[in-house]
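Grab your viewer and work through a few short exercises on this chain. Try each task before you read its solution.

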Amino acid sequence: ASTEGYAISKEITLPSDIELLAGKVTTLNVSLVAENVVKEETGLALPFEDDFARFPIANNENAVSTLGDNYSAFENIYNSKSVEGVKFGTGSKKGSITTVPLNLDQPFTVVVKAMAYGSDKTKVKVAVGDVSQEIALTSENKYYSLEFDAATKKSSLTLEAVNTDDCRFHLDDL
């Protein structure tokens, strides 16, 4: 059995067969001890939100050295010199971020506020495990919403450009 955050497991052997009748409640009393109840490992609870406000608009697109504790990996992320948020990638290198594991065991929505960098024709891939969706960005900083089916209690979310050339984009909200 599973409850909110716990898995309960115990194997029992009945002394004789019992008949479970449709529409009738049959009560079985089972004694549990501590080893029968295990706290399930889950990821960070939702909602997961980041407005990247800690990265103010800068004069130079300097590489960001940390995104904080809510990310397990990132590559080619820079301070933006034109809009709030962070800039992903260079003219020839994709930028990407991966969150720490999240509890995504229910259907969920990913909402991003993003825009293409300059005249780049960027498509962004949002992936959870083997499932991904793409967003074709415009030069307008706007919100995009993606619906996903349930994943697992420990799933990471990754955002990255699809193309490798002209793959830069700004991310304002996640």
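**Exercise 1. Work out how many helices and strands the protein chain has.**

Solution. Start with the count: the protein chain has zero helices and 13 strands, where DSSP runs define both (helices are H or I with at least four residues, strands are E with at least two, numbered from the N terminus). Next, read along the sequence, and the pattern is β-β-β-β-β-β-β-β-β-β-β-β-β. Keep in mind that this is a predicted model, in which local features need pLDDT of at least 70 and side-chain atom pairs count only at pLDDT 80 or more, while totals for chains, interfaces and linings use all residues. Residues are numbered from 1 along each chain as its sequence is written, and side-chain values use heavy atoms, with hydrogens and water left out.

**Exercise 2. Compare the radius of gyration of the protein chain with that of a compact globule of 174 residues.**

Solution. First, the rule, with the radius taken over C-alpha atoms: 2.2 Å times the number of residues to the power 0.38. For a compact globule of 174 residues that lands near 16 Å, but the protein chain has 23 Å. Then check the box: along the principal axes, the C-alpha atoms fill roughly 75 × 30 × 25 Å. Finally, burial: 35% of the 174 residues count as buried (under 20% relative accessible area; exposed is over 50%, partly exposed in between; 1.4 Å probe, protein chains only).

**Exercise 3. Find the strands that pair with S9, and the bridge partners of Val128.**

Solution. Two strands pair if DSSP finds at least two bridges between them. Step one: S9 (residues 123-128) and S10 (residues 131-136) are antiparallel, with six bridges. Step two: S9 also runs antiparallel to S12 (residues 157-161), joined by five bridges. Step three: Val128 has Val131 as its bridge partner in S10 and Leu157 as its partner in S12. Further along the S9 and S10 pairing, Lys125 is matched with Glu134. Last, look at the turn: two residues sit between the strands of this hairpin, and Gly129 takes a positive phi near 60 degrees there.

**Exercise 4. Is Met115 buried or exposed, and what does Met115 touch?**

Solution. Locate Met115 in strand S8 (residues 108-116). Met115 counts as buried because its relative accessible area is 13%. Now list contacts (heavy atoms within 4.5 Å): ignoring residues up to four places away in sequence, Met115 touches Val83, Leu137, Thr138, Ser139, Glu140, Asn141, Phe169 and His170. Take Thr138: 23 residues from Met115 along the chain, yet the C-alpha atoms are separated by 5.6 Å. Then turn to Glu140, in the loop between S10 and S11 (142-148). With neighbours within four places set aside, Glu140 is in contact with Ala114 and Met115. The C-alpha atoms of Glu140 and Ala114 are 8.0 Å apart, with these positions 26 residues apart in sequence terms.

**Exercise 5. Which backbone oddities turn up at Pro47, Phe52 and Asn76?**

Solution. Begin with Pro47, in the loop between S3 (37-39) and S4 (71-75): a cis peptide bond joins Leu46 and Pro47, with omega about 5 degrees. The loop between S3 and S4 also holds Phe52, which is not a glycine but has a positive phi of about 55 degrees. Phe52 counts as buried, because its relative accessibility is 1%. Finish with Asn76, in the loop between S4 and S5 (77-79). Asn76 is another non-glycine with a positive phi, about 50 degrees, and a relative accessible area of 22% makes it partly exposed.
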